[in-house]
Structures are given as structure tokens and as C-alpha cells.
Amino acid sequence: VSDTGPVITALLGELTITIGDTEAVVEGPPAPGEGIELPPDPEVLRAWARTDTSGRYRPLPGARTLRGGWRVRFTSLDAMAAGLDAIYPLAQLHLAQWEDGCLEVVGLDEVLRRQSGRYDGSAALSEAGRELAVDLLCRATCVKAPAWHGDQPAGAAIPCPEPCSVLVSLCREAVAWERDRPEPVPPRPEVPFAAFEEPGNELREAYLARMERRT
Ligand code: SF4
């Protein structure tokens with residue numbers, strides 16, 4: 001790292017950040033092997049974070065599916081901030097706003113009510129269904145803490161101010177599951193992350209299994 005050793009180490013989502021006297025190093029999740037060095041270019045990092053280990057598109061930047069075994073070195077804090085923003089968009093802004101007590105949050109009810117077109121009707125999801133969606137997607141799968149739900153970001157968690165489109169999409173699909181519960185099938189990791197309508201989607205099957213247990 002630097003001649004005098006690391007000065008600050010911090011965690012942000014799945015990233016470990018070490019800031020030394022002469023450079024800052026950002027590392028992805030641990031993985032077996034030597035690992036690779038990525039260039040400190042936000043475009044490269046954005047593209048790198050777009051897919052997971054199996055090459056699946058990552059529609060949720062906060063999903064705990066970042067590829068592991070890589071690091072990137074930055075020679076300035078501004079460059080590091082741009083790199084972090086490429087991987088976790090707006091995370092640093094939301095953290096700063098949270099710490100200053102000025103993060104503006106919008107609740108799920110409001111977001112679901114303002115949906116139209118394809119997502120119209122998602123507000124019909126029951127309270128229990130909403131809780132289940134938050135539990136499975138936000139709390140179990142995302143590095144962000146749903147501050148809009150009252151959750152406190154702890155450790156490496158990033159405060160989330162507003163339900164995202166992936167959560168809205170899960171709620172929309174769950175309305176149909178509450179009306180007419182599909183038969184669960186074994187999860188298939190190759191199914192796209194947010195293809196909730198497709199049997200075998202991991203979140204869909206986890207949701208259906210939890211619905212089963214509730215009855
Ligand atoms: S709404 Fe939930 S899943 Fe979406 S970004 Fe926020 S915490 Fe993550």
C-alpha cells in the first residue's frame with residue numbers, strides 16, 4: 001500500500017477500501033487465486049460491475065453478486081470517489097446525507113401508488129407480501145439498508161432512500177402470486193436475477209417457499 005502502511009481501512013457494501021499516504025486501494029469481495037488488477041477508470045469499473053461471476057446482468061447495483069478477486073489502485077481521493085460511484089452509484093452521497101441527517105426518504109406505499117402502465121396494480125400487494133419482498137430483496141440480497149423502511153445502516157451498509165425499480169418489479173409479480181400461487185420449482189441460478197416471472201428465478205422461488213411456510 002504505502003511506505004508507512006495503511007492509514008484508513010473502510011468497508012462499503014462488498015468493497016474494502018484502504019487509504020494510504022500515496023494511494024487508495026479498493027478491493028472486491030475475496031475469491032480464491034491471485035486476483036486481478038483493474039485500471040482506475042470509472043467506465044471500466046462500471047462495465048466490470050455490470051455482470052456477475054456467471055456473466056448474468058446485474059440489474060441491482062447493490063446486489064451481493066459483485067465479482068470477486070480484483071483490486072484497483074487510485075492516486076487521488078477524487079479518482080477513488082469516481083470509481084466507487086461507478087460501482088455503487090450515489091452511495092457516497094446518500095451516506096453523507098444520512099450522516100448529516102438530511103437523507104430524504106420515500107416509502108414503498110407512495111412509490112407503488114405512483115406506478116402506471118406495466119407496474120400499475122403493484123400497490124395491491126398485502127402488508128405481509130411487502131414485508132417479505134423487503135426481507136428477501138433488500139435485507140438478504142442488497143448491500144443497502146432500506147432507510148425508507150426505517151432500517152438503520154450498520155457496518156458496510158449504504159442507506160437506501162427510496163424503493164428501487166427491482167423491488168417494485170418483485171412487488172408487482174408478488175401480487176399475482178398472492179392471487180394464484182404458482183407451484184414452486186427448484187431454483188436455477190442461470191435464470192436472470194430480476195426475471196421474477198420465470199420459474200426457477202432464485203428470488204421468486206425463495207419468495208414462494210416463504211409464502212408456503214406462512215400458510
Ligand atoms: S429498495 Fe431494497 S433492494 Fe432496492 S436498492 Fe434499496 S435496499 Fe436495495
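Which hand does the crossing of α6 and α7 have? In this predicted model, the crossing of these two helices, α6 and α7, is right-handed. Their axes come within 12 Å and cross at roughly 40°, an angle that falls outside the range under 35 degrees counted as roughly parallel and below the 65 to 115 degrees counted as roughly perpendicular, and α6 and α7 are therefore oblique to each other.

Two packed helices are described by the angle between their axes and the distance between the axes. Helix α5, which spans residues 127-141, packs with helix α7, residues 202-214, at an angle of about 135°, and the axes of this pair lie 11 Å apart. Since angles count as roughly antiparallel over 145 degrees, α5 and α7 are therefore described as oblique to each other, and α5 passes α7 in a right-handed crossing. With helix α6, residues 165-179, the axis of α5 crosses at roughly 135°, and the two axes come within 10 Å; α5 and α6 are therefore likewise oblique to each other, and the passage of α5 across α6 is a right-handed crossing.

The model also holds a ligand, and the space taken by this ligand is the largest pocket. The residues that surround the ligand are L60, L137, C138, C142, K144, W148, C160, P163 and C164. When the shell around the ligand is divided by residue character, eight of its residues are nonpolar, none is polar and one is charged. Lys counts as charged, so the charged member of the shell is K144. Within the list of surrounding residues, L137 and C138 fall in the range 127-141 given for α5.

Methods. Residues are numbered from 1 along each chain as its sequence is written. This is a predicted model: local features need pLDDT of at least 70, side-chain atom pairs count only at pLDDT 80 or more; totals for chains, interfaces and linings use all residues. Side-chain values use heavy atoms; hydrogens and water are left out. A residue is near a molecule or strand if one of its heavy atoms lies within 4 Å of it. On a 1 Å grid over the protein atoms alone, a cavity is a set of points where a 1.4 Å probe fits but cannot get out, and a pocket is an open set with protein on both sides within 12 Å along at least five of seven lines; lining residues have an atom within 4 Å of a point. A molecule sits in a cavity or pocket if more than half of its atoms lie within 2 Å of its grid points. Axes are lines fitted to C-alpha atoms, for helices over the stretch in contact, and angles run from 0 to 180 degrees between N-to-C directions. Helices (H or I, at least four residues) and strands (E, at least two) are DSSP runs, numbered from the N terminus. A crossing is left-handed if the near helix is turned anticlockwise from the far one by less than a right angle, and right-handed if clockwise.
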